[in-house]
Each structure stands twice: as C-alpha cells, then as structure tokens.
Amino acid sequence: MDATEQSLRQSLSEKSSSVEAQGNAVRALKASRAAKPEIDAAIELLNKLKLEKSAVEKELQSTISGSGNGSLDREAFRKAVVNTLERRLFYIPSFKIYSGVAGLFDYGPPGCAVKSNVLSFWRQHFVLEENMLEVDCTCVTPEVVLKASGHVDKFTDLMVNDEKTGTCYRADHLLKDYCTEKLEKDLTISAEKAAELKDVLAVMEDFSAEQLGAKIKEYGITAPETKNPLSDPYPFNLMFKTSIGPSGLTPGYMRPKTAQGIFVNFKELYYYNGKKLPFAGAQIGQAFRNEISPRQGLLRVREFTLAEIEHFVDPENKSHPKFSDVAKLEFLMFPREEQMSGQSAKKLCLGEAGAKGTVNNETLGYFIGRVYLFLTRLGIDKERLRFGQHLANEMAHYAADCWDAEIESSYGWIECVGIADRSAYDLLAHSEKSNTPLVAEEKFAEAKEVEKVKITPVKKELGLAFKGNQKNVVEALEAMNEQEAMEMKATLESKGKVDFKVCTLGKDVNIKKNMVSISKEMTKVHQRVFTPSVIEPSFGIGRIIYCLYEHCFSTRPSKAGDEQLNVFRFPPLVAPIKCTVFPLIQKQQFEEAAKVISKELASVGISHKIDITGTSIGKRYARTDELGVPFAITVDSDTSVTIRERDSKDQVCVTLKEAASVMSSVAEGKKTWQDVWASFPHHTSAAADE
C-alpha cells in the first residue's frame with residue numbers, strides 16, 4: 001500500500017478513537033451535572049477533534065482518488081462521454097425498442113465511420129507496411145478445432161448464482177467490486193484491512209473456485225440486487241454453442257477469437273508465401289463470447305471485432321530486421337519485476353528493454369513498438385498508455401513472454417491489445433489433432449550430420465493393449481518432438497511406465513517400456529523440418545475505440561460563457577467526417593459554391609457533410625465539433641472560402657478553386673494544419689465570430 005495512504009488511515013483511526021473518547025467524556029460530564037464552563041470546554045475540544053478527523057478524511061479520500069479526481073469525477077466524465085456518444089448516434093444498445101440485450105451494441109453512422117477509419121489504418125500500418133497475408137475465415141467453427149486449441153475445456157469464467165432467483169454473476173467481478181468500493185468509499189477500515197483488500201485485488205486472477213468462494217463467504221458478499229446468498233463458484237464456458245447442419249450431429253461454436261482460422265490454414269499460407277519464413281497472417285472479423293454479466297459499455301460485450309496477427313517465425317531465430325526502426329522509442333512499460341515489488345510503470349527505451357532481456361526477443365519487441373505507434377497515431381494519449389508484462393503465473397505454460405497494451409480510461413487501466421510469444425503450441429496442437437504436419441523447412445547448402453531422435457512404436461504390444469485405438473496411439477507417439485520423446489524415455493527407464501495424452505482419443509493412455517523404443521542416432525540431413533513459433537498481437541477494436549472516445553473528449557465554454565460545449569478532438573486520420581461545408585448565409589451563390597466544393601471533395605474521397613440550413617455559424621460549428629469534425633469550410637464570398645480548424649478555431653482564407661485540394665492534403669495527412677496556417681492569409685472577418 002502507498003505509504004501516504006497507510007499513514008492517513010492510521011491517523012484517521014486514531015482521530016476516530018479520540019472523537020469517540022471525547023464524546024463519552026462530554027456525555028459523562030452532562031450526566032454528572034458538571035459546571036457549564038467545564039462542559040462547554042469539553043464540547044469545544046470535541047468539535048475541534050471532529051474538524052481534525054474531517055480534514056484527515058478529506059485528505060485520505062483525495063489520496064485514494066488520485067489528486068482529487070475521484071470515482072465520482074470519473075463517473076461524471078464517463079456519463080458525459082456516453083450521453084454524447086449515444087445522443088449523436090456513435091453507438092446505441094442493440095434492439096433498443098425491445099429494451100435491449102446486455103452486451104450487444106449497434107454502431108451508428110459516426111461510430112461506423114470511426115471504426116472503418118481505425119480498421120483502414122490498421123490495414124495500412126500492419127498488413128500493407130509489413131507485407132502480411134490477410135485472410136477472412138468463418139465465424140462458425142467445428143468443435144474439434146476448438147477442442148484442439150483448448151477452448152472447449154478451458155475457455156471459462158467462474159460464475160455464481162443468486163440462490164433464490166437464479167440470476168448469474170461473474171464471481172471475480174463481485175469480489176473486485178466489493179474490494180474496490182471498500183477501498184474508495186469506506187474510510188473507516190484500518191490500514192491493515194486496506195492492505196489485505198489491495199492484495200486480494202492483485203492476486204484474485206489466480207484464485208481457484210474454492211479460494212474465490214471462500215473470500216466471497218468471508219466478506220459476506222451477496223447478490224447485488226436482492227442481497228440473497230450466492231452459490232459456490234463454478235466454471236462456465238463462454239463460447240456460444242451451435243450445431244452445423246440440420247441433423248445436429250456436428251457440434252460447433254461461434255469463434256471466441258479469429259486466430260484459429262489462421263492456424264488451420266498455415267500450410268496453405270506457407271506454400272502461398274513461397275515456403276519462406278518469417279511471414280504473418282492477419283485477419284479482421286467478429287468474435288463472440290457469452291459473457292456472464294456484461295458491463296462497462298463497449299469494453300465488455302458479447303459480440304465484438306478483433307484484428308489479429310499471427311507472425312510465424314523460426315523458434316531458433318527470433319531476431320527482426322526492422323527492430324532498429326523502433327528501438328529508440330521510449331514509453332511507459334511495466335515489467336513483471338516492478339509489478340511484484342509494488343512499483344509503478346516507468347518510461348523505458350524499447351531497445352534497452354530488449355537488450356536486458358526484459359522483452360524476450362526482437363520480434364516480440366518490434367511488434368510492441370509498432371503497436372505503440374499505431375495507438376498513439378490514432379489519438380491515444382501516450383501518457384495514459386502503458387505496456388504491462390504478464391506475471392509468470394498469468395502466462396500459459398507454453399508462452400515465452402506476453403505483454404498487454406493497457407489504456408487508462410474512466411474505468412481504470414483497460415487491456416486493449418495483447419502481444420504474446422505463444423511458441424509453437426497452436427500449430428503443434430492442430431498438427432496432432434488433425435494428423436496434418438504444420439511445419440516449415442530450412443534447406444541446407446550442404447548435407448549435415450545431426451543427432452536425431454528415433455521413435456519406434458512396438459505395434460504388436462500396442463495392438464494387444466489398445467486394440468482398435470492402436471493407430472491413434474502410434475501416430476501420437478511418432479508425432480512427439482525431441483523434448484517430449486526424451487522426457488518419455490527418461491520416465492520409462494526410471495518408472496517403467498508413463499501417462500501419455502493422445503489428443504485424437506481425448507484422453508491419457510498408459511505407455512509401458514516394452515511398447516516403444518526411443519533412441520538417438522547420427523544421420524545425414526539435407527534440411528531441417530520444424531514447427532514455427534508464433535508472435536500474436538491481438539487487438540480489441542471496440543475497446544480501443546471506446547478509449548479513443550474518452551481520450552479525445554473535452555468541453556469548452558461557449559462564446560457567451562453560459563454553457564459548456566462538447567468537443568471530440570479526433571485526429572483527421574480517424575475523424576468520422578473530415579470536414580463540413582456550409583454557406584455563411586442563405587444566399588444562392590454561396591449555396592451553389594458549397595455544392596461545387598462538396599462534389600470536388602467527394603471526387604477525391606474526402607468524407608464531408610454539407611449544411612445549407614439557416615442556423616447561425618456558431619451553432620453549426622458547435623454541432624460539428626461535437627461530432628469530432630476537424631475542419632469546416634465556410635463559403636463567405638463569391639471567390640473565396642474560410643477553412644476553420646476545430647481545436648484552435650484558427651481560420652485561413654483560400655480561393656474557391658483551392659478549397660478541395662487544400663482540404664484533401666490536410667485531411668489525408670500530406671500537410672499539417674501548421675503548414676496550411678503558414679501558407680494562406682489568416683481570416684479575421686465576421687465569419688470567425690462564433
């Protein structure tokens with residue numbers, strides 16, 4: 001716990017005890033009919049102690065909330081953002097006229113445009129600039145695929161039920177809400193209790209069902225709405241189950257991620273790429289998770305858009321030829337050592353983090369750098385973006401290293417992009433389950449003598465033991481990699497038997513020493529055959545977009561100063577509309593000129609909106625500022641127009657003929673507003689009066 005908070009909680013506890021003791025003293029004096037001056041002096045001291053206690057409470061609340069920007073301030077800010085987004089139709093709850101369904105949202109016109117622009121830039125930044133192979137795979141996935149990937153057995157959250165109504169809740173969310181509310185709103189808890197609650201928040205992701213249930217009982221947590229008791233936590237699979245075909249005999253699921261489509265198509269992509277590594281498959285598409293209790297708006301939903309990259313690389317060479325392009329970047333990083341020691345994220349040089357081994361390898365580091373550039377160019381505040389490394393107990397056993405791009409919002413730090421070195425786990429799992437080698441080759445200029453593991457199943461013994469399943473066991477044994485084979489050999493030699501998982505049977509079998517021969521021998525080879533590792537950056541597009549909305553939202557006073565006007569300060573890159581076009585006044589020549597400019601903007605692909613209503617220029621500016629439109633073209637003469645920039649409200653004067661080309665260059669990023677400001681006369685006429 002923060003030393004200041006600990007000290008203040010201790011001080012508050014002491015002040016509370018003093019107030020209680022002095023209150024008892026006042027009551028005792030009154031009961032004994034003490035002299036009035038004595039009672040008055042005691043009351044004066046009691047009031048003084050109450051003021052001191054109140055001052056400590058305020059200071060503690062300020063410390064908890066973070067320099068006074070408390071949960072109420074965050075909630076008020078969030079409400080302003082969400083109200084504006086829904087009112088201006090960036091997004092709305094799905095099926096609203098039927099009271100909606102939790103965790104499902106529809107994007108309106110400006111929201112669609114922002115999303116389209118984010119995805120367009122993602123394709124440019126990653127697919128085009130990195131020469132990736134984009135695919136588009138189906139959402140409906142056969143059960144066997146997700147069984148191999150582990151999702152059928154392990155893609156779960158722990159759930160509890162209201163024992164009387166049956167309402168379902170995500171168990172860890174209830175515990176998190178309890179701890180957070182206690183820490184933020186209950187100033188009477190001791191420093192020791194606060195430290196305990198913070199420790200629970202830090203480690204609760206690793207809690208088993210039994211540990212989570214024990215904490216819920218210990219803290220007396222009940223159903224939020226009814227206060228009824230809760231069931232013990234139990235696992236709930238988050239995938240939407242379906243059946244493929246009318247018979248219902250082929251079970252399937254709506255995919256929880258897009259990645260499996262790339263993995264199962266690895267062989268075809270590898271050949272398409274000329275059998276060369278490294279290469280990356282990329283995919284943008286919908287994913288589905290049957291969240292237990294969706295909340296936090298766009299941050300936790302049941303249907304969402306993912307953009308995922310699977311970068312296949314030789315496990316013996318994870319260097320990257322372009323790592324130097326990002327090595328000098330400095331940004332907030334939160335290595336696991338700092339997390340474990342209670343420190344905060346700090347700015348680190350990516351190249352130095354790689355050199356020290358903080359980041360496992362250059363390819364992983366390169367993608368961390370590219371993700372940083374992608375997010376900040378979208379408009380994410382670099383001071384509210386950090387890269388947190390997974391703790392050792394948070395990573396899957398096969399992962400080499402994992403980092404999350406976390407963006408700070410009114411809900412706290414939100415994981416928006418995961419960048420993981422998944423080793424060769426996925427390809428190996430699908431190779432074994434499908435009996436299809438998903439491997440790459442490295443051809444040698446000259447033959448090499450290498451020591452290779454030779455696995456010889458004794459089919460007679462396996463046939464006697466497993467009968468009709470003999471073939472499955474033989475294939476699984478022959479598919480073992482060198483490490484697995486040598487571990488099996490050591491176990492057989494020491495114990496005479498070993499449990500061995502056969503994926504195609506979906507169970508472990510008992511292998512005895514007489515059933516397989518494992519040895520090493522020298523042999524000449526002309527090529528090396530191996531299973532590639534994969535580096536996976538996975539982007540939650542909806543989460544990124546929501547955080548972008550918060551980071552770009554602000555208010556500013558109207559000209560009269562009587563109201564606060566909402567502004568979304570989107571960069572032109574992602575703005576839903578690049579500019580608006582309107583005549584200063586309702587005059588036919590001005591309106592015709594506005595239509596000509598609109599036509600020219602459309603011809604060069606610049607999204608815009610034309611407004612020929614008679615509303616005042618100030619109100620029209622305010623309307624477009626609230627939509628995040630970065631530029632406005634006002635036709636205010638027969639020969640020229642005014643271009644106004646949203647954030648500075650600065651304006652320049654250009655000719656009618658120049659308007660579309662100037663707007664095109666600045667909207668597409670070929671020029672900055674500073675370039676335009678330096679190149680054209682500044683406008684100071686009545687059109688600038690807002």
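Trainee: What makes the pair Asp401 and Gln389 a polar contact between side chains?

Mentor: Keep in mind that this is a predicted model. In it, the side chains of Asp401 and Gln389 come to 3.0 Å. The cut-off for a pair of N or O atoms is within 3.5 Å, so the pair counts as a polar contact.

Trainee: Which other side chain does the side chain of Asp401 contact?

Mentor: That would be Trp403, also with a polar contact at 3.0 Å. As for its place, Asp401 sits in strand S15, which covers residues 401–409.

Trainee: Why is Asp401 called buried?

Mentor: Its relative accessible area is 2%. Buried means under 20%, so Asp401 gets that label.

Trainee: And Glu415, why does that one count as partly exposed?

Mentor: Glu415, over in strand S16 (residues 412–421), has 40% relative accessibility. Buried is under 20% and exposed is over 50%, so Glu415 lands in between and is partly exposed.

Trainee: Which residues gather with Glu415 in a patch of negative charge?

Mentor: Glu205, Asp206 and Glu394 join Glu415 there, on the surface. Asp and Glu count as negative, so the patch is a negative one.

Trainee: How do you know that helix H21 is largely enclosed by the rest of the structure?

Mentor: Look at residues 617–627: 8 of the 11 are buried, so H21 is described that way. Among the buried ones are Ile617, Arg620, Tyr621 and Leu627.

Trainee: What comes just after H21?

Mentor: Gly628, with a positive phi of about 85°.

Methods
Residues are numbered from 1 along each chain as its sequence is written. This is a predicted model: local features need pLDDT of at least 70, side-chain atom pairs count only at pLDDT 80 or more; totals for chains, interfaces and linings use all residues. Side-chain values use heavy atoms; hydrogens and water are left out. Patches are made of residues with over 30% relative accessible area and no salt bridge: like charges are joined within 9 Å, nonpolar side chains (Val, Leu, Ile, Met, Phe, Trp, Tyr) within 5 Å. Accessible areas come from the Shrake-Rupley method with a 1.4 Å probe; for residues, only the protein chains shown count as cover. A salt bridge is a side-chain nitrogen of Lys or Arg within 4 Å of a carboxyl oxygen of Asp or Glu. The place of a charge is taken as NZ of Lys, CZ of Arg, CG of Asp or CD of Glu. Helices (H or I, at least four residues) and strands (E, at least two) are DSSP runs, numbered from the N terminus. Buried means under 20% relative accessible area, exposed over 50%, partly exposed in between (1.4 Å probe, protein chains only). A polar contact is a pair of N or O atoms within 3.5 Å; within protein, one must be able to donate a hydrogen and the other to accept it, and residues adjacent in sequence count only if both atoms are side-chain atoms.
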